[in-house]
Amino acid sequence: MLTASTFAIHVTYTCPLTCAHCCFGSSPSVKDRLDPAYVLNCIDELPDNIQMVAFTGGEPFLQAKDLPAFIARAKARGFSTRVVTSAYFGNKLDYARKRIGEVHAAGLDELSISWDDYHEEFVAFGAIRNVATAAVERGIATAINTVQSASTAWPRERILTELGELGTRLSVVCESQLNRTGRAEDKLRDEPLKQHGYLGPCPYVMTGPTLSAKGKLLACCGVIPDTRRLAISEQCDPGRLKDDFQQGFRNSLFQWLFLRGPYALITEISKQDGTSPPPADSIGGNCEACKIALTDDRYNRVLDRFLSGRAESLQHELLLLDSLGMLTPAALSDLWRDQSHTRHYP
């Protein structure tokens, strides 16, 4: 059956940057921050089946003293570890090596650098190169994650070309479609979308729950952290983490999102009501679709009634797919690939 394999901790929503596409609305003035002792307590109470703990934000490297302690505690539990950063501290290679050395000494396994057209306003490409160099030198698996629109100046190919030989030593340079959530909902409302995005089963719901910087336990990666329906608990109690995970697995909404995805929820409710859903090509991706499905009153007001009639069939589908060895994000994506409510990168 469904199990959580990763757990993300948003240690803070404070960030030295104010990127236009930030889903959390992070900035220097945002003060949401988890108490370090609370973070350590949560790590101690995670179920043993968790494979990776990821520390993100905001900017986790702002927690200079606490971040290595978080990593070390997760490693002591036997989890692999990842940190997501903007690499804002990378203007000088020696300093980048110092900061990366601190987290490497604590046991960091993976570094994920977020950088794209929107980050470039605040962080020069040279800083990305320096931080990536420092991480690769230490044997840390290093990725660059870049958010793309139709007008992006920094596609994956250009990033790799600019990195030269260093690019061949990265784990991946990953492109994802712009989702107009958070600050982007206002700042990038008219940004043209790439022709191909992904609208389909969500691979993160309950497989990758998140502790938000506001103390909420969220069912997914937390890109829309204040969406009430995505909260397993409005205030995460470390002692209840295992029970809360099990409660989440029984939630019909989370089951639907994992099996079908949010755009399918929109289209099925629209079909039932005799209305037209927003066109797939007008929605950046799953997170944007999820925000529409769970906050737009056209869908939110009938959601409980819609799901209540499908709870039993969702349970049966989960059991069937599990018995067939198909209860995985990859298998579900292939299963629904040819349906009209999915769009995939070519």
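Which elements do the buried residues of α2 pack against? In this predicted model, they pack against α1, β2, β3 and α3. The buried residues in question are Asp66, Leu67, Pro68, Phe70, Ile71 and Ala74.

The partnership of α2 with α1 can be spelled out further. Helix α1 covers residues 36-45, and its axis sits 9 Å from that of α2, at an angle of about 15°. Since angles under 35 degrees count as roughly parallel, α1 is therefore roughly parallel to α2. The crossing is right-handed. On the α1 side, the contact is made by Pro36, Val39, Leu40, Ile43 and Asp44, and on the α2 side by Asp66, Ala69, Phe70, Arg73 and Ala74. Sorted by class, that gives seven nonpolar residues, three charged ones and no polar ones. The spacing along each helix fits a general pattern: an α-helix has 3.6 residues a turn, so residues three or four places apart point the same way.

The stretches on either side of α2 have some backbone quirks. Ahead of the helix, in the loop between β2 (52-56) and α2 (66-76), sits glycine 58. The peptide bond leading into glycine 58 from glycine 57 is cis, with omega near 20°. Just after α2, glycine 78 takes a positive phi of about 90°.

Two other spots with positive phi are not glycines at all. As a rule, most residues other than glycine have a negative phi, and most peptide bonds are trans. Alanine 87, in the loop between β3 (80-85) and α3 (93-106), nevertheless has a phi of about 60°. Methionine 206 shows a positive phi too, near 70°, and belongs to the loop between α7 (184-187) and β7 (210-211). Are these two residues buried or exposed? Alanine 87 has a relative accessible area of 0%, so it counts as buried. Methionine 206, at 1% relative accessibility, is buried as well.

Another buried loop residue is tryptophan 115, which has a relative accessible area of 0% and lies between β4 (110-114) and α4 (117-120). What does tryptophan 115 touch, leaving aside its neighbours within four places in sequence? The contacts are Glu120, Val123, Ala124, Phe125, Ile128, Ile144, Asn145, Thr146 and Trp154. With valine 123 there is a polar contact, as the tryptophan 115 side chain reaches the backbone oxygen of that residue at 2.9 Å. Tryptophan 154, for its part, is 39 residues away in sequence from tryptophan 115, with a C-alpha to C-alpha distance of 9.2 Å.

Further along the chain, helix α10 (residues 262-273) carries serine 270. Serine 270 is buried, with a relative accessibility of 0%. A polar atom of the serine 270 side chain lies 2.8 Å from the backbone oxygen of isoleucine 266. Not counting residues up to four places away in sequence, serine 270 touches Thr275, Ser276, Pro277 and Tyr299.

Isoleucine 266 also takes part in the packing of α10 on α11, the helix of residues 286-295. The axes of α10 and α11 come within 7 Å and cross at roughly 40°, which makes the pair oblique. This crossing is left-handed. From α10, the contact draws on Pro262, Tyr263, Leu265 and Ile266, and from α11 on Asn286, Ala289, Cys290, Ile292, Ala293 and Leu294. Nine of these residues are nonpolar and one is polar, with no charged residue in the set.

Leu294 of α11 turns up again around arginine 229. Arginine 229 touches Leu253, Phe254, Leu294, Asn300, Leu303 and Asp304, with residues up to four places away in sequence not counted. This arginine is in the loop between β8 (217-218) and β9 (231-233). Why does arginine 229 count as buried? Buried means under 20% relative accessible area, and arginine 229 has 15%. A polar contact of 3.0 Å joins the arginine 229 side chain to that of aspartate 304.

Key:
Residues are numbered from 1 along each chain as its sequence is written. This is a predicted model: local features need pLDDT of at least 70, side-chain atom pairs count only at pLDDT 80 or more; totals for chains, interfaces and linings use all residues. Side-chain values use heavy atoms; hydrogens and water are left out. Helices (H or I, at least four residues) and strands (E, at least two) are DSSP runs, numbered from the N terminus. Buried means under 20% relative accessible area, exposed over 50%, partly exposed in between (1.4 Å probe, protein chains only). A polar contact is a pair of N or O atoms within 3.5 Å; within protein, one must be able to donate a hydrogen and the other to accept it, and residues adjacent in sequence count only if both atoms are side-chain atoms. Contact means heavy atoms within 4.5 Å. Axes are lines fitted to C-alpha atoms, for helices over the stretch in contact, and angles run from 0 to 180 degrees between N-to-C directions. Angles under 35 degrees count as roughly parallel, over 145 as roughly antiparallel, 65 to 115 as roughly perpendicular and the rest as oblique. A crossing is left-handed if the near helix is turned anticlockwise from the far one by less than a right angle, and right-handed if clockwise. Ala, Val, Leu, Ile, Met, Phe, Trp, Tyr, Cys and Pro count as nonpolar, Asp, Glu, Lys and Arg as charged, and the others, Gly among them, as polar.
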